[in-house]
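Reader: I'd like a close look at one part of this model, please. Could you take me through it and then follow the thread outwards?

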Amino acid sequence: MYTDGACRGNPGPGGWGVVMYYLDNHKTAKGFDPQTTNNRMELMAVIEGLKALTRPCSVELKTDSKYVMQGINQWITNWKKNGWKTAAKKPVKNVDLWKLLEHEISRHQVKWQWVKGHAGIEGNEFADQLANQAIDEEIA
């Protein structure tokens, strides 16, 4: 599964895209938010991709978002321990989506992999195109 988010302005209109590959098949999904941030769209891509899986799966999840990867794999434990506050005692941004993501990953075995964005990686480029397409279709 490749996921990506896009935003025109930050905040501004945003989109997310997901490409799921299984054997010789692929499935795509995309969505739009009229007023959002890039980080929210990166999170939504992962959440919606995992939600689309109808049964528990073993997933290789590839994202170009270090924010999402570090948040879910490193920071979330302390955020929860600290009442959803950062190390600087400030409220964690996007708590609603972090909670949704935590729920979705609990249903699956997720192996996270960071990929360099805009580097010609087919699945990542496809997810990026879907995210931007979602924006273009709504603001055209």
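In the hairpin of E2 and E3, which residue takes a positive phi, and how many residues lie between the strands?

Author: Happy to help! This is a predicted model, where local features need pLDDT of at least 70 and side-chain atom pairs count only at pLDDT 80 or more, while totals for chains, interfaces and linings use all residues. Residues are numbered from 1 along each chain as its sequence is written, and side-chain values use heavy atoms, with hydrogens and water left out.

The residue is Leu23, with a positive phi near 55 degrees, and 2 residues lie between the strands. Elements here are DSSP runs numbered from the N terminus: helices are H or I with at least four residues, strands E with at least two. Strand E2 covers residues 12–22 and strand E3 residues 25–36; they pair in the antiparallel sense over 10 bridges, where pairing requires that DSSP finds at least two bridges between two strands. Beside the turn, Tyr21 has His26 in E3 as its bridge partner.

Tyr21 also leads us to the largest pocket, which holds about 480 Å³ of space. Of its 17 lining residues, the closest to the centre are Met20, Tyr21, Tyr22, Leu53 and Cys57. On a 1 Å grid over the protein atoms alone, a pocket is an open set of points where a 1.4 Å probe fits, with protein on both sides within 12 Å along at least five of seven lines; lining residues have an atom within 4 Å of a point. Grid points are joined across faces, edges and corners, and the volume is the space filled by probe spheres set on them. E2, E3 and strand E4 (58–63) each supply at least two lining residues, with E4 giving the largest share, 4 residues.

E2 also contributes to the largest nonpolar core, as do helix H1 (38–51), E4, H2 and helix H3 (95–106), each giving two or more residues. H1 gives the most, with 7 residues. Such a core is a set of buried Ala, Val, Leu, Ile, Met, Phe, Trp, Tyr and Cys residues joined through side-chain atoms within 4.5 Å; buried means under 20% relative accessible area with a 1.4 Å probe and protein chains only, exposed over 50%, and partly exposed in between. Of the 26 residues in this core, Met1, Leu50, Trp98, Leu101 and Trp112 touch the most other members. Leaving out residues up to four places away in sequence, Leu101 touches Leu43, Val46, Ile47, Leu50, Val68, Ile72 and Trp112, a contact being heavy atoms within 4.5 Å.
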